[in-house]
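User: I would like to go through the labels given to some parts of this structure and the reasoning behind them.

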Amino acid sequence: MIKILKINALEKTYDNTVQVLNDINLDMEAGGFLILVGPSGCGKSTLLNCIAGLETTTSGSIEIAGRDVTQVEPKDRDISMVFQSYALYPTMTVRENIAFGMRVRGVPKEEQRNKIQEVASQLQIDHLLDRKPGQLSGGQRQRVAIGRALVRHPSLYLFDEPLSNLDAKLRVEMRAELKALHEKTRASFVYVTHDQVEAMTMGTQIAVLNGGSIQQYGTPDEIYHNPSNVFVASFMGSPPMNILKGKIERNGQALSVCFLSDDGIPHRVNVPHYDGTPLQHGTEVLLGIRPEYCYLDNSGETIELRAMQVEVTGVDQFVKFRCGDDRVLTARFSDASPMHAGANVRFSLKTSEIRLFDPGTEKAIDSVAEKLVERI
Ligand SMILES: Nc1ncnc2c1ncn2[C@@H]1O[C@H](COP(=O)(O)OP(=O)(O)OP(=O)(O)O)[C@@H](O)[C@H]1O
Ligand SMILES: [Mg+2]
């Protein structure tokens with residue numbers, strides 16, 4: 001099957017010195033929603049601009065719908081792009097803004113009118129067609145910008161943080177609308193954001209970037225549950241995955257990890273999914289566990305820690321515990337009776353959700369379960 005987008009060994013260096021993108025390899029099936037996410041300055045816009053042809057590449061290649069477009073002009077790449085700054089023409093009406101590209105391409109008047117009507121009703125901006133951008137709210141302007149991209153049916157739609165100028169409530173609404181639009185049109189989207197919630201809720205595939213390199217490329221589920229390194233574990237999720245320092249303890253085949261609370265008391269948790277790995281007794285590891293995998297259900301193996309801080313947000317209580325080496329374990333308890341700082345809390349960790357990382361490389365250590373999956 002032809003990939004709608006294929007990026008091979010892409011490198012981008014500015015002025016022969018500053019390397020901004022390093023060995024980028026990505027591919028995407030038609031109809032996908034690919035998210036490029038990462039902190040400010042990691043190279044997301046540069047990568048999107050390389051796909052669009054607005055930036056040249058230093059080496060490597062880009063294919064769109066099976067065609068090598070690395071040296072092709074932006075207008076001939078069969079893409080549409082929506083920017084963060086809506087880039088609307090202020091003196092034109094909404095109708096003229098949406099029609100602009102079609103007019104330039106010489107699309108017949110009748111077809112222009114039909115197209116405008118179609119996207120305007122899709123985006124619910126029919127009643128705004130005769131206004132100028134200055135008479136619109138931020139959300140409405142962004143809809144117009146999206147509408148302008150939608151009147152074409154290119155192989156790829158490219159979005160660079162299209163919702164970041166909107167207030168929190170509107171962002172959530174537009175996020176859902178864009179996702180619905182993607183499902184309805186079955187078009188292929190590449191979407192840049194630094195917002196990990198946006199990434200997790202919208203994408204079918206996520207590429208997490210940091211420092212110009214892809215840290216992990218996978219489905220939202222893979223990224224969330226099996227982060228490939230500490231960066232991904234800490235960047236994705238809110239609050240992020242807890243990362244504690246621990247040591248392996250081996251008792252025959254059985255493996256457990258021992259970590260310290262800030263008073264120096266050792267706590268042990270079993271990690272049976274790592275039993276068959278070559279981890280030796282005494283090996284230092286980083287133990288990762290997401291806040292929602294801490295349970296007040298005390299039927300199994302439990303640990304007891306003193307609460308340092310309690311934050312209540314609706315039904316959830318986020319309780320922070322100080323652990324050794326200045327690390328903090330945040331637990332999310334839902335629907336529990338109110339807790340207080342200073343109180344001892346007994347809880348368990350969902351063992352199968354514990355992830356181990358190498359403290360030197362910060363890369364995930366493969367568990368046996370993962371190896372089995374890979375072999376299948
Ligand atoms: N023309 C340029 N010359 C030199 N360096 C540049 C140039 N344009 C961008 N950079 C650098 O490239 C890096 C990546 O920039 P880019 O705009 O792709 O980041 P980003 O991930 O989109 O960030 P943000 O989330 O802030 O938009 C940054 O360190 C930036 O300073
Ligand atoms: Mg950017």
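**Labels and their grounds**

Analyst: Asp-78 has a relative accessible area of 31% and is partly exposed. The model is a predicted one.

User: Why is Asp-78 called partly exposed?

Analyst: Buried means under 20% and exposed means over 50%. The 31% of Asp-78 falls in between, so the residue is partly exposed.

User: Where is Asp-78, and what is its phi?

Analyst: Asp-78 sits in the loop between β5 (67-68) and β6 (79-82). Its phi is positive, about 65 degrees, although Asp-78 is not a glycine. Most residues other than glycine have a negative phi.

User: What makes Arg-186 count as exposed?

Analyst: The cut-off for exposed is over 50%. Arg-186 has 70% relative accessibility, so it counts as exposed. Arg-186 belongs to the loop between α5 (168-185) and β8 (189-193), and its phi, near 55 degrees, is also positive.

User: Why are α2 and α3 called oblique to each other?

Analyst: The axes of α2 (residues 94-104) and α3 (residues 109-122) cross at roughly 130 degrees. Roughly perpendicular covers 65 to 115 degrees, and roughly antiparallel needs over 145. The angle fits neither class, and therefore the two helices are oblique. The crossing is right-handed.

User: Which residues of α2 and α3 meet?

Analyst: Arg-95, Ile-98, Ala-99, Met-102 and Arg-103 in α2 meet Gln-112, Lys-115, Ile-116 and Val-119 in α3. By class, this contact has five nonpolar, one polar and three charged residues.

Terms used:
Residues are numbered from 1 along each chain as its sequence is written. Chains are lettered from A and ligands numbered from 1 in the order in which they are written. This is a predicted model: local features need pLDDT of at least 70, side-chain atom pairs count only at pLDDT 80 or more; totals for chains, interfaces and linings use all residues. Side-chain values use heavy atoms; hydrogens and water are left out. Axes are lines fitted to C-alpha atoms, for helices over the stretch in contact, and angles run from 0 to 180 degrees between N-to-C directions. Helices (H or I, at least four residues) and strands (E, at least two) are DSSP runs, numbered from the N terminus. Angles under 35 degrees count as roughly parallel, over 145 as roughly antiparallel, 65 to 115 as roughly perpendicular and the rest as oblique. A crossing is left-handed if the near helix is turned anticlockwise from the far one by less than a right angle, and right-handed if clockwise. Contact means heavy atoms within 4.5 Å. Ala, Val, Leu, Ile, Met, Phe, Trp, Tyr, Cys and Pro count as nonpolar, Asp, Glu, Lys and Arg as charged, and the others, Gly among them, as polar. Buried means under 20% relative accessible area, exposed over 50%, partly exposed in between (1.4 Å probe, protein chains only).
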